[in-house]
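Here are a few notes on how the strands fit together. Have a look at the fold first, then read on.

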Amino acid sequence: MYETSAALAAARWPLAASAETDWLRELTAGDGLTGFMPPALPDAAWVLHAMYQHELGPLDMSYAEYLRAFLNRTSTSTSPEIIPGLDPADVFADPSDPFAKSTGEHPGPRHRRLRWAELALRTGDPVVAEGRLPDHRCFPSLRDAGGWPVGITGPSEGSLDRSDWNRLVEILIEHSPQGADSRCLAYYTPLGQGAEDFDNLHVRAGRLADAKALYDHPDEDAWTPSNFWAHDRSWVLCTDYDLRATKVAGPPPLVEALLGDSEIEAVRLPWAA
């Protein structure tokens with residue numbers, strides 16, 4: 001599937017002129033270093049990046065504690081298992097490299113989706129504290145307890161996971177005047193491209209029908225776009241490099257569809273509209 005999708009993405013999403021982002025620069029008065037954060041157009045919602053919980057449930061050991069124990073165990077024992085029944089492969093995307101970046105794929109059959117609202121009820125923290133954005137400071141009670149429990153795969157920063165990206169594309173198709181034939185553009189921050197070129201902004205152009213394939217574009221290193229928008233500018237997404245949610249600005253029917261969807265989890269943040 002990867003080879004087919006990667007080839008499709010490479011063929012259907014060629015580079016476009018950097019000037020395509022000029023309107024975003026004017027709209028946001030930003031430089032796009034971590035993404036151009038749009039205002040409501042005229043409405044907006046935030047798609048919260050996916051979390052997953054292992055079937056063993058939340059454990060007393062934090063991820064940081066588990067990592068230290070894992071590194072110590074692999075240097076002193078032939079068995080890397082730290083917690084009975086919990087395979088390190090269920091904790092790390094690549095057990096041989098526990099520092100490896102998440103692949104954006106579902107962690108596996110022993111995991112279920114953990115919604116932010118459910119974790120908020122469990123911890124007593126707000127889903128997103130008033131006046132804040134969805135970033136690494138969310139769920140402060142977990143930080144106070146030593147960090148994320150090893151049984152929970154936290155939300156990614158700067159990129160959606162594949163399932164949410166695919167569902168988001170489907171909803172955008174339903175709420176775009178030209179549907180799947182809508183022309184779209186995708187901007188990628190240089191921070192996700194090796195931080196090498198800050199002068200020539202990295203933009204690709206294609207059709208909404210082919211947007212799912214962007215996840216496997218061979219030149220984009222498994223990042224979803226920092227900004228993704230309709231050519232007619234009726235809606236625009238921003239996945240800020242430092243945030244754990246994607247802002248979708250556009251018409252009210254699109255926003256209501258996001259808020260009411262059963263697959264993705266979206267919220268309104270009035271202070272960040």
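1. Let's start with one residue: which residue in strand 7 is the bridge partner of Ala16? It's Val203. Keep in mind throughout that this is a predicted model.

2. That bridge belongs to the pairing of strand 1 (residues 15-16) with strand 7 (residues 202-207), which is antiparallel and has 2 bridges. Strand 7 also pairs with strand 6 (residues 183-188), again in the antiparallel sense, over 6 bridges. Within strand 7, Ala205 sits opposite Leu185.

3. Zooming out, the order 1-7-6-8-9-10-2-11 describes an open sheet of 8 strands with antiparallel pairing. Strand 1 and strand 11 (266-267) are at the edges with a single partner strand each, so each has one side without a neighbour in the sheet.

4. Further along, strand 9 (residues 236-238) runs antiparallel to strand 10 (residues 245-250), and 3 bridges join them. Cys238 has Lys247 of strand 10 as its bridge partner. Helix 7 (residues 252-260) packs on this sheet and touches strand 2 (43-48), strand 10 and strand 11. The direction of helix 7 makes about 25° with that of strand 2.

5. There's also an open sheet of 3 strands, antiparallel, in the order 4-3-5. Strand 4 (111-114) and strand 5 (152-153) are its edge strands, each pairing on one side only. Strand 3 (residues 51-54) is joined to strand 5 by 2 bridges, antiparallel, and Tyr52 stands opposite Thr153 of strand 5.

6. Helix 4 (residues 116-123) packs on that 4-3-5 sheet, touching strand 3, strand 4 and strand 5. Here the helix direction makes about 80° with that of strand 4.

How values were computed. Residues numbered from 1 in each chain as written. Predicted model: local features only at pLDDT ≥ 70, side-chain atom pairs only at ≥ 80, totals over all residues. Heavy atoms only, no water. Pairing = 2+ DSSP bridges. Helix = DSSP H or I, 4+ residues; strand = E, 2+ residues; numbered from the N terminus. Contact = heavy atoms within 4.5 Å. Axes fitted to C-alpha atoms, helices over the stretch in contact; angles between N-to-C directions.
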